[in-house]
Amino acid sequence: MNSRLASSDGRRGLTSRDGAFLRGLPARDDPRPLVIAFPYAGGGAGAFTEWQALLADHCALLPVHLPGRERRFHERPYRRMTHLVRDLVQEIGPLAGDRSVLFWGHSMGASVSVALTLELAVQGYAPPAHLLLSGAGSPDRRVATDLVHVLDDERLTARLRQYEGTPAEVLDNPDLLQLVLPVLRADFELLETWSRPLPQPLPAPLTVMYGEDDRSVSTYQVDGWHAFGDGQVTMRPFSGGHFFIRSHAEEIAAFIRGLAGTGV
């Protein structure tokens, strides 16, 4: 376990071990698998609040706290995937030695979880036991000319309305927009400047969840994940758009509980 993290308070399941990205790591004698959740562009750890209670009896959900939002609001957001992954490895890499670790990434978070999995292998760390990827196409099939981070504020706001992930009260409030747009722009820059990997089998089984009405991810892009799974790819369609995970929380939680129960 990362020696930079504070030690447990000694009670089963309780801990004071917090890092920059992960808070509330379970104590070492807590047998539950870890589900490390990577948020979508502009999102924070709070995006996974609903799943905390749904999963608590079966696994420990640890949302990733990224800079530029929530408790790390005053920190600069990352603009390069290599920089983010370099720092994530230091905190997440040692965890797999203690227990089963699953990655769940939605939209941008799916790309981050893939990039992190590849970097863990480079640095000699164990891979996650399972990759749960939602709301995203395979990295190699992203439209390279669709650069969201260079859009002006008006066009960027219009794009956000299409994704239906940012509350209307934020999009319609100029003051709130000025707070969230720099973080969103940085997140898109991180994605759009990433040297995306060519299709290659990842060292973990993949489950790909997607919304059947998602206008931001095509069927062609979703199908691209097959080349990253070496036959270990499960496709799970859901009704809804890009943020189908919100209306299918119970169903998704049940599936994650099943994965945690099998240890994969």
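**Salt bridges and a helix pair**

Asp87 is partly exposed, with a relative accessible area of 24%. Its side chain meets that of Arg86 in a salt bridge, at 3.1 Å from N to O. Arg86, at 44% relative accessibility, likewise counts as partly exposed. Please bear in mind that the model before you is a predicted one.

Let me turn to the other charged pairs. Searching the whole structure yields 11 salt bridges. One of them joins Asp187 to Arg69, with the closest N and O atoms 2.8 Å apart. This pair links distant parts of the chain, since Asp187 sits in helix H6 (residues 174-192) and Arg69 in the loop between S2 and H2, 118 residues apart. Are these two residues buried or exposed? Both Asp187 and Arg69 are buried.

Helix H6 also supplies Arg185, whose side chain forms a salt bridge with that of Asp153 (2.6 Å, N to O). Because Asp153 belongs to helix H4 (residues 153-163), the pair ties together parts that are 32 residues apart in sequence. Arg185 counts as buried at 17% relative accessibility, whereas Asp153, at 34%, counts as partly exposed.

I come next to Arg80, in the loop between strand S2 (60-63) and H2. Its side chain makes a polar contact with the side chain of Glu189, at 2.8 Å. Arg79, Arg80 and Glu189 are linked in a network of salt bridges.

Finally, the helix packing. Helix H2 (residues 81-92) packs against helix H3 (residues 108-122) at an angle of about 65°, the axes being 9 Å apart. The crossing is right-handed. The residues in this contact comprise 10 nonpolar, one polar and one charged.

Note on methods:
Residues numbered from 1 in each chain as written. Predicted model: local features only at pLDDT ≥ 70, side-chain atom pairs only at ≥ 80, totals over all residues. Heavy atoms only, no water. Axes fitted to C-alpha atoms, helices over the stretch in contact; angles between N-to-C directions. Helix = DSSP H or I, 4+ residues; strand = E, 2+ residues; numbered from the N terminus. Left-handed = near helix turned anticlockwise from the far one by under 90°. Nonpolar A, V, L, I, M, F, W, Y, C, P; charged D, E, K, R; others polar. Polar contact = N/O pair within 3.5 Å; in protein donor to acceptor, adjacent residues only side chain to side chain. Salt bridge = Lys/Arg side-chain N within 4 Å of Asp/Glu carboxyl O. Buried < 20%, exposed > 50% of the residue type's maximum accessible area, 1.4 Å probe, protein only.
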